[in-house]
Amino acid sequence: MPTEFSITNNIRNVRAHIPAHVTLVCVSKFHSVEAIREAYDAGERHFGESRVQELKQKIPLLPDDIHWHFIGHLQTNKVRDLLKLRPYLIHSVDSERLLEAINAEAIKQGIVQNILLELHVAKEETKTGLSKTQVRLILDHTATAWRGLRILGLMAMATNTDDETEIRRCFNLTAGLASDLYSANETVFQAKPILSMGMSEDYRIAIDCGSNMVRIGSTIFGERAHRLKAVFFDQDGVLFDSMPCHAKAWEMAMNENGVPYTAMDCYRNEGRTGPGVINEIYRRLHGTDAPQELIDHIYNTKSNYFLQLNKGQLPALIPGVRDVLQYLHKNGIQCWVVTGSGQRNLINSLNDTFDGVFTGIISAFDVKYGKPNPEPYLKAWERSGFRKEECMVVENAPLGTRAAKAAGLFTCAVNTGILPDADLEAEHADKVFPNMAALLKWLQDSAILSV
């Protein structure tokens, strides 16, 4: 007979494979207070969360002697709220900008915050983290620059693969760097460095490679129900009715620089970054990328035409999109923007225009590759911290739909442009709607929001 699911039994089974010197962090993000309490009653005291708001809600409901670890991607605008909660350890310090923000806020609050530096070792562009060089430079300035921080070690995530050789490469590289730093100057870390490596799928390999802290969630708490938790919205043609002006601006800028271009070309290229649009057309004509000087000139010209056509005002909103956003927000669903746009006036206006409903924004300034490459949607998904089954995309363009599907995300296409539905269906959109009202009705009628 199958054994009845039990968090206590799961912990016992995990503990059987963890040496005494390895700290077990039970990854409790998105799990209930009752589930955490069962793990606590089984003797666990280290728990990992990835959302500041969720952590804020759980702390008052659980015992005071829990050591809370923050393990998710941390935005700089959330640092102040997180530090007020006095987390035991922040694992995911993945950029110098975030490091500086935590240091400044810790000094302001009169505390010294324990952190780990997240090292980027995975062969995945979408994973965040510091390079070995950045880690060395940060530690060289620990005493003078980081008065609000106590750097306890390194955190790393291995490449998402079944190849054990590659996983070991990631963990051995991290362990080797920590060993080198500690051997060269034992004052860099105040004790032998923490190595936070290994999750449910690979923690045994991580321990074998030297990990002394593992982060285990699903093996202990089980899989979460696949409830919709985040929706990633494209910007132009989904939030703003901006595509007619974009099409006209692109047509004017391209043609006056000797590059044949029509409104239909614009709609078929929608979703690419500005340089990507120019190169795609230029390669078709000349078999090579456009010179950088020409790219800069055409894109600046296009941006100026766009502002002129809008007379300095923001484009109108897509009819019904505000209702969709408010419905999702009211139901506790995160809303994100994922756009190939580099139009700063639109990007900077998003939260003011939509009453602060957006949790995060991924734009042309955040990615190396624009749509139809899946990088923008993969980056949004990773930063959300949710499972892919808990996320959804709203697009209006074929290339954006292609990017979302390549990222493995459920994709709704709302056809707000001049292209036929067949163009969206050809990119395997899961649902195609004629307008936002139809999308809203589907959301209200479906079980996608239910637990």
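The following exercises with worked solutions concern a sheet, one of its helices and two pockets of a predicted model.

Residues are numbered from 1 along each chain as its sequence is written, and side-chain values use heavy atoms, without hydrogens and water. Because the model is predicted, local features need pLDDT of at least 70 and side-chain atom pairs count only at pLDDT 80 or more, while totals for chains, interfaces and linings use all residues.

**Exercise 1. The sheet**

Determine the strand order of the open sheet of 6 strands, and identify its edge strands.

Step 1. Strands (E, at least two residues) and helices (H or I, at least four residues) are DSSP runs numbered from the N terminus. Two strands pair if DSSP finds at least two bridges between them.

Step 2. The order is E11-E10-E9-E12-E13-E14, and the pairing is parallel. Strand E11 (358-362) and strand E14 (431-433) form the edges, each pairing on one side only.

Step 3. On average, neighbouring strands of this sheet are turned by 20° against each other, direction ignored. Axes are lines fitted to C-alpha atoms, for helices over the stretch in contact, and angles run from 0 to 180 degrees between N-to-C directions.

Step 4. Within the sheet, E12 (residues 391-395) and E13 (residues 410-414) are joined in the parallel sense by 4 bridges. Glu 395 has Ala 413 of E13 as its bridge partner.

**Exercise 2. Helix H17**

Establish which strands helix H17 lies across, and how many of its residues are buried.

Step 1. H17 (residues 375-384) lies across strand E9 (230-233), strand E10 (334-338), E11 and E12, at about 150° to E10. Helix H20 (residues 436-445), in turn, lies across E12, E13 and E14, at about 145° to E13.

Step 2. Buried means under 20% relative accessible area, exposed over 50%, and partly exposed in between (1.4 Å probe, protein chains only). H17 is largely enclosed by the rest of the structure because 7 of its 10 residues are buried. Among these buried residues are Tyr 377, Leu 378 and Ala 380.

Step 3. The buried residues of H17 pack against E9, E10, E11, E12 and helix H18 (398-406); contact means heavy atoms within 4.5 Å.

Step 4. After H17 comes Gly 385, with a positive phi near 85°.

Step 5. Ser 363 is placed in the loop between E11 and H17. This serine counts as buried because its relative accessibility is 4%. Beyond its neighbours within four places in sequence, Ser 363 contacts Thr 339, Ser 341 and Ile 347.

**Exercise 3. The two pockets**

Describe the lining of the largest pocket and of the second largest pocket by element and by residue class.

Step 1. On a 1 Å grid over the protein atoms alone, a pocket is an open set of points where a 1.4 Å probe fits, with protein on both sides within 12 Å along at least five of seven lines; lining residues have an atom within 4 Å of a point.

Step 2. The largest pocket holds about 1400 Å³ of space. Its lining has 45 residues, with Lys 29, Met 157, Met 199, Glu 201 and Trp 381 nearest the centre. H17 supplies the largest share, 6 residues. By class, the lining of the largest pocket has 11 nonpolar, 16 polar and 18 charged residues.

Step 3. The second largest pocket holds about 990 Å³. Of its 36 lining residues, Arg 51, Gln 53, Glu 54, Gln 334 and Phe 386 are closest to its centre. Helix H3 (52-58) gives the most to this lining, 6 residues. The lining of the second largest pocket divides into 14 nonpolar, 12 polar and 10 charged residues.

Terms used:
Grid points are joined across faces, edges and corners, and a volume is the space filled by probe spheres set on the points. Ala, Val, Leu, Ile, Met, Phe, Trp, Tyr, Cys and Pro count as nonpolar, Asp, Glu, Lys and Arg as charged, and the others, Gly among them, as polar.
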